[in-house]
Amino acid sequence: MNKDLEHQFVTNLEQNQNIAHKICRIYTNDQESHNDLFQEITIQLWKAYPKFRGDSKFSTWMYRVALNTAITLYRKKKKSIRTQDYDSVHFKIKTEAYDDTAEQHLKLMYDAIKQLNDIDKALVFLYLEDKNYAEISETLGITEVNARVKMNRVKTKLQNIINP
Amino acid sequence: MDNLDLLKKDWKKQEKSIPQLSYDQIYKLIWKRSSSIVKWIFFISIIEFGLGAVLNIFIADDEYWAKMEEYNLTLFLIVTYVVSYLITFYFIYKFYKNYKAINATDNAAVLMKTILKVRKTVKYYIGFILISSGFVFIFSMIFILRNHVLSAEEVTSDMSFDWKQWLLFIGGTLLALAVILGVIWLIYTLVYGILLRRLHRNYKELKKLEM
């Protein structure tokens, strides 16, 4: 058994675990599913690790594998997401009754992101992570032009959710 | 779009408040998936035992026992209950031990061994359920039949079977037994089979990593 590989992997993941936590925040709504997704990401990363040859940075590789895991898992669980959508719509109505303070506005934004589909969430996530379009396109395996077009559509979608 | 950029700022701020896992916690996560499957095997065995016990209590009222008394089945039933409960408890204990063992492991080789053990235990358990169901069915039949023969001869000899009727009777009984065992087998392979298949997949993945 390759103890060195294991140690290397866990150390790398420990240093970059924020990436996985942030993806979990975008894709899940409660602590339990956050933990589930985090574990699934860890397992998928570990499974793919022997193929990671260090051509790119660990974090770059991790963005790709972790996002793929989240997207795949999200597709499997579409049913449960639908019920969450109802909750967040409900939540949105409630928050709108409050003053439109900056914090409320941020909440609305996060809420709107939760209603996006799996790929759109990935786009927003990478955008929030301050990735440029070259990096976004590489991570998601699409062309740069496509990434730009998609990102613009997502922005419109978000705007429409917030101001219907 | 300033909306998203506002969010970006907040996103960066919140980065500091993200909870961090330690090296050991992450290390354990790599091996944790099998543990939750084995935990479910343990829980299902308990639920199943509880369901069986509740069902027994509901079915076995005074009328039931009176009827069994009539067939001379009381002693046989009590012995069967005690023995099957003891064996079921043994299996639940085994499932629990497996769960504990898999939970404490952070070593792939030991984990693989435990997974194999879990699969074996579940297979034995399903075997036990099938054999005991068949056993109870056949013995109940024999007891009822003996009772029937004993009381029938007293009343009238017309109640006795000729060889054709016997053949039909035994054939029918065996068919019923086969159907019952088939259904039980189906239910168990469905409930535990899904979990076992997942465990097997984990096992294969571990094996790949080992090589």
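The paragraphs below walk through the nonpolar cores, a pair of crossing helices and the contact between two chains in a predicted model.

A good place to begin is the largest nonpolar core, which holds 39 residues, and in which A:Ile23, A:Ile41, A:Leu45, A:Ala66 and A:Leu123 touch the most other members. If residues up to four places away in sequence are left out, A:Ile23 touches A:Ile41, A:Ala66, A:Leu67, A:Ala70 and A:Phe125. Apart from this core lies another one, made of 15 residues, including B:Val118, B:Val122, B:Tyr125 and B:Tyr192.

Turning to the helices of chain A, we find that α5, residues 102-114, and α8, residues 144-162, have axes that come within 9 Å and cross at roughly 120°. Because angles from 65 to 115 degrees count as roughly perpendicular and only those over 145 as roughly antiparallel, α5(A) is described as oblique to α8(A). The crossing in which α5(A) passes α8(A) is right-handed. Where the two helices meet, A:Leu108, A:Met109 and A:Ala112 come from α5(A), while A:Leu158, A:Ile161 and A:Ile162 come from α8(A), and the residues of this contact divide into 6 nonpolar, no polar and no charged.

Finally, consider how the chains touch, in a contact that takes 22 residues from chain B and 18 residues from chain A. On the side of chain B that touches chain A, at least two residues each are supplied by α1 (2-14), α2 (23-59), α5 (108-155) and α6 (163-210) of chain B, and the largest share, 7 residues, comes from α2(B). Sorted by character, the residues on this side of chain B are 13 nonpolar, 2 polar and 7 charged.

How values were computed:
Residues are numbered from 1 along each chain as its sequence is written. Chains are lettered from A and ligands numbered from 1 in the order in which they are written. This is a predicted model: local features need pLDDT of at least 70, side-chain atom pairs count only at pLDDT 80 or more; totals for chains, interfaces and linings use all residues. A nonpolar core is a set of buried Ala, Val, Leu, Ile, Met, Phe, Trp, Tyr and Cys residues joined through C-beta atoms within 7 Å. A residue is buried if 20 or more other C-beta atoms lie within 10 Å of its own, exposed if 12 or fewer, and partly exposed in between; C-beta atoms are placed from the backbone. Two residues are in contact if their C-beta atoms, placed from the backbone, lie within 7 Å. Helices (H or I, at least four residues) and strands (E, at least two) are DSSP runs, numbered from the N terminus. Ala, Val, Leu, Ile, Met, Phe, Trp, Tyr, Cys and Pro count as nonpolar, Asp, Glu, Lys and Arg as charged, and the others, Gly among them, as polar. Axes are lines fitted to C-alpha atoms, for helices over the stretch in contact, and angles run from 0 to 180 degrees between N-to-C directions. Angles under 35 degrees count as roughly parallel, over 145 as roughly antiparallel, 65 to 115 as roughly perpendicular and the rest as oblique. A crossing is left-handed if the near helix is turned anticlockwise from the far one by less than a right angle, and right-handed if clockwise.
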